[in-house]
Amino acid sequence: MIGTSIPEYIFIRICIVLVQYTTPLCIACLALLAAVRGSWAAALRHHPLAVASLLAYCIADVLYAVFVYVPHNRRLKEEAEHPPQLARDERRALFQRCFANVPDVRRYLQMWFLGADEAEIRRDNLRDFILWAFFDMSPGQESVEDDAELEEYIGIVEKCLGRKMEPGRGKAEGLRLTLDEVDTQYRSVVWYLAVGVVDFASHCLLALNGFHYHAQPASTIFSLIPPRFQDIITSRRSESDGISYWHRPHTATDKLPVLFLHGIGIGLYTYVAFFSRLNSGRQNGEGQIGIIAIENLPISFRLTGAPLSRLEFLERVATILDAHGWDRFVLASHSYGTALATHMLRSENLADRIASVVLIDPVTILLHLPDVAYNFTRRRPRKANEWQLWYFASMDPGVAHCLGRHFFWKENIVWKEELLGVARGAPTEGVGGGVNNRGVQTTARPPRKVAVCLAERDLIVDTPKVAQYLAADGDEWVVAALSPAGGQGTSAWEWSVNQDRGGSGHLTRDGIELLWFWGLDHAQAFDSKENQERLCSVIRRFCIIE
């Protein structure tokens, strides 16, 4: 993520113009060449390579727009296939828990309604929002029983607000991610040429660092844009359809291997130096820490098919882990990858195999709050980093389709006891089982090690609130979050200002290690050797077999 300086603002705006408006320039160029055929024919005789290259690129760009980009984006009009509804008791428990963890209900409503005036958020507006958020329904699909339940939930919101909602419908428009139209911004073929170059560079760098590429079948090479021609020559194939990945063999006898899930971006390029540093300077023990880095191509700035469903993803990952004999491992994930990590933490087949968890810039903690959804999909960009996020990530066709039609917040939100692997309300020593907030029976187990890495200036996540939630005992963080100073005893500010800037982190009352990265934005922890080492040192500690 770039910064917020004026030169960076100018740079990113120029980049956006070049990527977005190359195709109209190509059309204009072809029209001009057609109008002055004699002139360009003479130019072709004098400068054959330059003119032929320009002509070939213009034709390729226009053909791509007509026959690839436009047809591909037709799927954005399709409706989302929502997961099965929660049982009524599960839904009620989830709703009550979410609103018990809303520090400011007025702000909560206003942000979910895109900054609307409070007077314009009326009873019917709230009803429509609750239908989407907790019932996965559009207005008019609810039953009589649902009506009674909705009235109960509206009553809870009114109690939190301290007033009755105005009857009727106001002008406010709610953010309903999987029901709203999917908005994207055009990008010309030059963008996908650049993505292909970076992808090939990533391939070479990972191979030089001892990773083995496990590709999809060569027959799928043209099923995505840009094509991955390296898939033709690779000798290893993925054990699971729909997932390609990189594997560095695990040879350390005193450590556990690491499964890594990346975030939205240009694939694994961002993480190559981080992977390399994980094994640097090993002095004790023998061998190297193995890594499996899963590739999630639908969120990697490519034109691809639909992302795997939750169950499909879990099945594919289990197959890969079994193929390499990984019975226990450390799960590390970044940004969007923390949503996939949540699926694994809830999986009956995989949860017990996860020895420790490291979440970097997590977007899934307190996901019921509007910050992540609003900041990523609806905020109007002003600063350089916001323009970069908006155009190159939020408005990317693949990313927008993934979030708008395949990202269901109830599947992705994670609570801190789920990170630790203990039942809600159970002591951190893991004594006793119980039923979690989703109504699922849990068994007793020692809490797993958990580290959460947060950036002070994250432009997507409200990291102070996440830190307060993780550091608090129970739900007292809600009161702390409302205090300008952060409250007493649980404030992110209180422990972060007293923490050494290169320290290992703050251990919360529940045993979660919090790492606070001063002055950094989302994903910038991977930009410097010093911050990479902070991340790697935590993962190395968690890899130690006890």
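Of the 546 residues of the protein, 54% count as buried. The model is a predicted one, and the protein contains 22 helices and 11 strands. Its exposed area is about 23900 Å², with carbon and sulfur atoms supplying 57% of that area. Among contacts between residues at least 6 apart in sequence, 78% join residues that are at least 24 apart.

**Helix H22**

- Helix H22 comprises the 15 residues 529-543, which at 1.5 Å a residue should span 21 Å; the end C-alpha atoms are 20 Å apart, in agreement with that expectation.
- The buried residues of H22 are Asn 531, Gln 532, Arg 534, Leu 535, Cys 536, Val 538, Ile 539, Arg 540, Phe 542 and Cys 543.
- The cover over these buried residues of H22 includes the strands E3 (258-261), E5 (329-334), E6 (354-360), E9 (449-455) and E11 (512-517).
- Helix H11 (272-278) is also included in the cover over the buried residues of H22.

**Helix H12**

- Helix H12 runs over residues 310-323, and its 14 residues should span 20 Å at 1.5 Å a residue; the end C-alpha atoms are indeed 20 Å apart.
- Buried residues of H12 are Phe 313, Leu 314, Arg 316, Val 317, Ala 318, Ile 320 and Leu 321.
- These buried residues of H12 pack against strands E2 (244-248), E3, E4 (291-295) and E5, and against helix H13 (337-345).
- Strand E3 therefore appears both in the packing of H12 and in the cover of H22, and strand E5 likewise appears in the packing of H12 and in the cover of H22.- After H12 comes Gly 325, which has a positive phi near 70°.

**A nonpolar surface patch**

- Ile 6, Ile 10, Ile 14 and Leu 18 form a nonpolar patch on the surface, and together they have about 410 Å² of accessible area.
- An α-helix has 3.6 residues a turn, so residues three or four places apart point the same way.
- Ile 6 belongs to helix H1, which covers residues 6-20.
- With a relative accessible area of 63%, Ile 6 is exposed.

**Glu 411 and its contacts**

- Glu 411 is located in helix H17 (residues 409-412).
- Its relative accessible area is 16%, so Glu 411 counts as buried.
- Leaving aside residues up to four places away in sequence, Glu 411 touches Pro 83, Arg 310, Thr 342, His 343 and Arg 346.

**Backbone features in loops**

- Most residues other than glycine have a negative phi, and most peptide bonds are trans.
- Leu 114, although not a glycine, has a positive phi of about 60°.
- The loop that holds Leu 114 lies between helix H6 (105-112) and helix H7 (123-135).
- Leu 114 counts as partly exposed, at 36% relative accessibility.
- Leu 366 is not a glycine either, and has a positive phi of about 60°.
- Leu 366 is placed in the loop between strand E6 and helix H14 (371-377).
- The relative accessible area of Leu 366 is 5%, so this residue is buried.
- The peptide bond from Ile 225 to Pro 226 is cis, with omega near 0°.
- Pro 226 is part of the loop between strand E1 (212-214) and helix H10 (230-233).

Definitions and conventions: Residues are numbered from 1 along each chain as its sequence is written. This is a predicted model: local features need pLDDT of at least 70, side-chain atom pairs count only at pLDDT 80 or more; totals for chains, interfaces and linings use all residues. Side-chain values use heavy atoms; hydrogens and water are left out. Patches are made of residues with over 30% relative accessible area and no salt bridge: like charges are joined within 9 Å, nonpolar side chains (Val, Leu, Ile, Met, Phe, Trp, Tyr) within 5 Å. Accessible areas come from the Shrake-Rupley method with a 1.4 Å probe; for residues, only the protein chains shown count as cover. A salt bridge is a side-chain nitrogen of Lys or Arg within 4 Å of a carboxyl oxygen of Asp or Glu. Helices (H or I, at least four residues) and strands (E, at least two) are DSSP runs, numbered from the N terminus. Buried means under 20% relative accessible area, exposed over 50%, partly exposed in between (1.4 Å probe, protein chains only). Contact means heavy atoms within 4.5 Å. The expected span of a helix is 1.5 Å times one less than its number of residues.
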